[in-house]
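Hi,

Here is the structure I promised to pass on. Have a look at it first, and then read on for what turned up.

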Amino acid sequence: MPTSPSRILRAVAFAADRHRFQRRKDEEASPYINHPIEVAEVLSIEAGVDDEVTLIAALLHDTVEDTETTIEEIGELFGPMVAAVVAEVTDDPTLPRNERRRIQLERAGGASREAKLVKIADKICNIRDVVSRPPTGWSFERRREYVLWAAAVAKNCAGIIPHLDTVAENELSRAMATIGNP
Ligand code: ZN
């Protein structure tokens with residue numbers, strides 16, 4: 001499907017509305033919506049992705065996990081393909097954090113092409129954030145642990161757009177150069 005600016009903007013507006021009360025965990029408590037916009041931006045600008053389903057799923061990727069939004073609602077508004085990708089990248093919030101991380105790592109390789117791209121871009125953005133504007137109170141050890149896990153998930157999703165994989169690898173190297181030494 002060709003990319004339609006109006007459908008992309010509708011997804012931006014929807015995500016902005018759903019995340020309107022949320023902030024990131026960094027010191028400045030940045031608006032949450034900056035994150036899904038950055039994920040879509042990495043895919044579009046850094047990886048050259050122009051597939052509408054992937055870009056819209058990137059914009060909506062945290063709405064079900066972090067807000068009251070349901071997969072059904074996304075299906076009605078943005079179609080079943082977008083809904084399927086968002087479902088794939090949504091963690092089960094009832095599971096403990098380590099369990100969610102283990103499952104993400106394990107299932108990454110079997111995800112759809114679209115879900116893999118969203119996951120890699122999500123991890124690239126999160127690694128950048130953990131390096132340059134970490135959540136308040138995170139020790140260097142916790143930051144390193146997160147970066148290594150996120151890079152491993154990105155690696156398990158690799159193989160679709162080589163340049164995106166290189167961006168993820170470079171982000172890991174840069175992160176370890178910055179926060180890698182105790
Ligand atoms: Zn995310």
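Let me start with a question: which element gives the largest share of the lining of the second largest pocket? That would be H7, with 4 residues. Before going further, please keep in mind that this is a predicted model.

Since we are on pockets, let me stay with the second largest one. Its volume is about 220 Å³. It is lined by 13 residues, and Glu-88, Thr-90, Asp-91, Ile-103 and Arg-107 are the closest to its centre. Two elements give two or more residues to this lining, namely helix H6 (80-88) and H7. Sorted by class, the lining of the second largest pocket has 5 nonpolar, 2 polar and 6 charged residues.

Now for the largest pocket, which has a volume of about 840 Å³. Here 33 residues make up the lining, and those nearest the centre are Arg-24, Lys-25, Tyr-32, Asn-126 and Tyr-146. Five helices each supply at least two residues of that lining: H2 (34-46), H4 (63-66), H7 (97-107), H8 (113-132) and H9 (140-156). The biggest contribution is from H8, which gives 7 residues. Charged residues number 18 in the lining of the largest pocket, next to 9 nonpolar and 6 polar ones.

Next, a helix to look at: H10, which runs over residues 162-179. How far apart should its ends be? With 18 residues at 1.5 Å a residue, H10 should span 26 Å, and its end C-alpha atoms are indeed 26 Å apart, so the two values agree. The buried residues of H10 are Leu-164, Asp-165, Val-167, Ala-168, Glu-171, Ala-175 and Ile-179. If you look down the axis of H10, these buried residues fall within an arc of 155°, so they line one face of the helix. That buried set packs against H2, H8 and H9. Turn to the other side of H10 and you will find Pro-162, Glu-169, Arg-174 and Ala-177 exposed.

A few single residues are worth a click as well. Try the loop between helix H1 (5-18) and H2, where Ala-29 lies. Ala-29 is not a glycine, yet it has a positive phi of about 50°. As for accessibility, Ala-29 is partly exposed, with a relative accessible area of 30%.

The loop between H1 and H2 also holds His-19. Is His-19 buried or exposed? His-19 counts as buried, because its relative accessibility is 2% and the cut-off for buried is under 20%. Which residues is His-19 in contact with, leaving aside its neighbours within four places in sequence? They are Tyr-32, Ile-33, Pro-36, Asp-62, Thr-63, Asp-66 and Thr-67. Tyr-32, you may recall, is among the residues nearest the centre of the largest pocket.

Last on the tour is Glu-41, which sits in helix H2. Glu-41 counts as partly exposed, at 41% relative accessibility. You could also check the separation of Glu-41 and Glu-27: they are 14 residues apart along the chain, and 23 Å separates their C-alpha atoms.

That is what I have for now. Over to you, and enjoy looking around.

Cheers

Note on methods
Residues are numbered from 1 along each chain as its sequence is written. This is a predicted model: local features need pLDDT of at least 70, side-chain atom pairs count only at pLDDT 80 or more; totals for chains, interfaces and linings use all residues. Side-chain values use heavy atoms; hydrogens and water are left out. On a 1 Å grid over the protein atoms alone, a cavity is a set of points where a 1.4 Å probe fits but cannot get out, and a pocket is an open set with protein on both sides within 12 Å along at least five of seven lines; lining residues have an atom within 4 Å of a point. Grid points are joined across faces, edges and corners, and a volume is the space filled by probe spheres set on the points. Ala, Val, Leu, Ile, Met, Phe, Trp, Tyr, Cys and Pro count as nonpolar, Asp, Glu, Lys and Arg as charged, and the others, Gly among them, as polar. The expected span of a helix is 1.5 Å times one less than its number of residues. Buried means under 20% relative accessible area, exposed over 50%, partly exposed in between (1.4 Å probe, protein chains only). The arc is that of the directions from the helix axis to the C-beta atoms. Contact means heavy atoms within 4.5 Å.
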